[in-house]
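Colleague: I have the model open and would like a close look at one part of it, the packing around a single sheet. Please start there and then work outwards, with the cut-offs spelled out as you go.

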Amino acid sequence: MVMDQFGAPHVAVRLQYSGGNTMATDLDLYSIFCTVARCGSLSHAARELYVSQPAISQSMHRLEYALGCTLFTRTSRGISLTSEGRMLYSYAEKAVSLIAAAEDRLNRMRTLQSGGLMIGASDTLCQFFLLPYLEKFHSEYPDIQLQVTNRTTPDTVELLKVGKVDIALVNLPVNDSSLQVREVLNVHDVFVASSRFSHLKGRPVTMEALSHEPLVLLEKASNSRKYLDDFASVCGVTLHPEIELGAHSLLVEFARIGLGIACVTQEFAAGAINSGELFEIELTTPMPSRSIGLISLEGVPLSVAADRFISIVMENASAQHEG
C-alpha cells in the first residue's frame, strides 16, 4: 500500500467528466480540503489534522492543480472559498461525511457491534438444533440483527446461492461443488409407532413388510425424505405413504395418536421414544446414519458475524464428538 506524506493510505480516485477526460485525484485531498474550508485557516486545519501547515498548503496546491481551478483566496482573517471552492465543498463535505460514516459502520460490523446475519434452515432443524445457538449468539452479540428463513434443504441451498441468506443449516448429503460443507451433527432415521402397531414390537421388520403398513412421512421436497426413498430403493421397495407432512414435529404427533408409522430423526424424537409413547421399530437392515451440516458458498468470504456464528456451532460440535 502506498502512503502519503502524512503516513495515511494514498487512495486514488479516477474522475470521469462529461467531456470524456479523466483525472486522477487523491481522495484524502478532499478530506483535507473540507477541514481547511471548515476551519477557514491553514494553521487551524494543520492543528486539527496534526500535520504541518506547509504540508496542508502543499496538499491544497495539489488539489487545485489537479482540478484546474482556484479553491481559496487569502483574506485579512485567513482564507475563504472561491465560488468554485464553495461548489466543491457542498459536494465534498457530504462525500467525506458518508465515507467516514461507512468506515465507522464497517468497524462496528467488524467488531460485531452492528450488522446482521441471515440464516437459512428447515423448521425441524431450527426447532431441534438451531435455537440454542441463536440464543447464545444473541446473548453475546445483541446488536447483530438475526434473520432466520425456514425452507426445505433444496430451497435453502438456492437461497444461499442467490444471496438471500449468509449461511444455512441443512440435511446432508448436499453434493454441490459451489458449497463449503461443515458437518455439525450425526443423526439417525428410525421408524416409530404407537401401541396400535404392537404386532411389530420386539422383532426385526423388513422394509418390504413395513411398506405395507400405513406410513406417515415427510413430503418429497425434503432431503430427509429423499434419503429415506433412496434407502428403500436399495432395499427393493417403493414407499407409498398414506400421509405426507411438512414438519418433523407433526410426524411425532401423528404417530403418537396412532395415525400411522412415522419415519423420524431419532435425536429429535427422543422425548416421545424415551417416555414410551412411541416405540422404535427394529429394521432388519437399519438405515445408515446421516449428518446435519452448515453450508456457505465456496470461495466467498464470510462476514464477521457469520464466521463467529459458525465458530460457536463448530466448537460445540467438536466438544460433542470428543465426548
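## A sheet and its surroundings

Modeller: A good place to start is alanine 168, whose bridge partner in strand 14 is isoleucine 295. Before we go on, please keep in mind that this is a predicted model: local features need pLDDT of at least 70, side-chain atom pairs count only at pLDDT 80 or more, and totals for chains, interfaces and linings use all residues. Residues are numbered from 1 along each chain as its sequence is written, and side-chain values use heavy atoms, with hydrogens and water left out.

The bridge just named belongs to the pairing of strand 7 (residues 167-171) with strand 14 (residues 290-297), which is antiparallel and has 4 bridges. Two strands pair if DSSP finds at least two bridges between them. Strands (E, at least two residues) and helices (H or I, at least four) are DSSP runs, numbered from the N terminus.

Stepping back, we see an open sheet of 5 strands in the order 6-5-7-14-8, with mixed pairing. Its edges are strand 6 (145-150) and strand 8 (179-187), each of which pairs on one side only. Neighbouring strands here are turned by 20° against each other on average, with direction ignored; the axes are lines fitted to C-alpha atoms, for helices over the stretch in contact, and angles run from 0 to 180 degrees between N-to-C directions.

Now for what packs around those strands. The largest nonpolar core has 28 residues, and those with the most contacts inside it are Leu117, Leu130, Phe137, Ile167, Leu169, Val184 and Phe309. Such a core is a set of buried Ala, Val, Leu, Ile, Met, Phe, Trp, Tyr and Cys residues joined through side-chain atoms within 4.5 Å. Buried means under 20% relative accessible area, exposed over 50%, and partly exposed in between (1.4 Å probe, protein chains only). At least two residues of this core come from each of strand 5 (116-121), helix 5 (123-140), strand 7, strand 8, strand 14 and helix 11 (304-322).

Isoleucine 167 is worth clicking on. Not counting residues up to four places away in sequence, it touches twelve positions' worth of names you can look up, including Leu117, Ile119, Leu160, Leu294, Ile295, Phe309 and Ile310. Contact means heavy atoms within 4.5 Å. A second, separate core of 21 residues includes Met207, Val237, Phe279 and Leu283.

Strand 7 also leads to two neighbouring details. Val170 and Asn171 are among the residues touched by threonine 153, as are Val174 and Asn223, leaving out residues up to four places away in sequence. Threonine 153 lies in helix 6 (residues 153-161) and is buried, with a relative accessible area of 5%. In the loop between strand 7 and strand 8 you will find proline 173. Leucine 172 and proline 173 are joined by a cis peptide bond, with omega at about 10°.

There is another open sheet to compare by eye. This one also has 5 strands and mixed pairing, in the order 11-10-12-9-13. Strand 11 (243-245) and strand 13 (279-281) are its edge strands, each pairing on one side only, and the twist averages 40° from one strand to the next. Strand 10 (residues 215-218) and strand 11 run parallel, joined by 3 bridges; leucine 218 has leucine 245 of strand 11 as its bridge partner.

Two helices lie across this sheet. Helix 8 (residues 223-234) lies across strand 9, strand 10, strand 11 and strand 12 (261-265), at about 125° to strand 10. Helix 9 (residues 248-256) lies across strand 9, strand 10, strand 11 and strand 12 as well, at about 145° to strand 12.

For a loop beside these elements, try proline 204, between strand 9 (189-193) and helix 7 (207-210). Proline 204 is partly exposed, at 46% relative accessibility. Its C-alpha atom is separated by 5.0 Å from that of glutamate 282, although the two are 78 residues apart along the chain. Setting aside neighbours within four places in sequence, proline 204 is in contact with Glu282 and Thr284.

Last, a look at the helices earlier in the chain. The axes of helix 1 (residues 27-39) and helix 2 (residues 42-49) come within 8 Å and cross at roughly 125°. That makes helix 1 oblique to helix 2: angles under 35 degrees count as roughly parallel, over 145 as roughly antiparallel, 65 to 115 as roughly perpendicular and the rest as oblique. Residues of helix 1 that include Ile32, Val36 and Cys39 meet residues of helix 2 that include Leu42, Ala45 and Leu49. In the loop between helix 2 and helix 3 (53-67) sits tyrosine 50, which is exposed at 77% relative accessibility. Tyrosine 50 has a positive phi near 60°, in a residue other than glycine.
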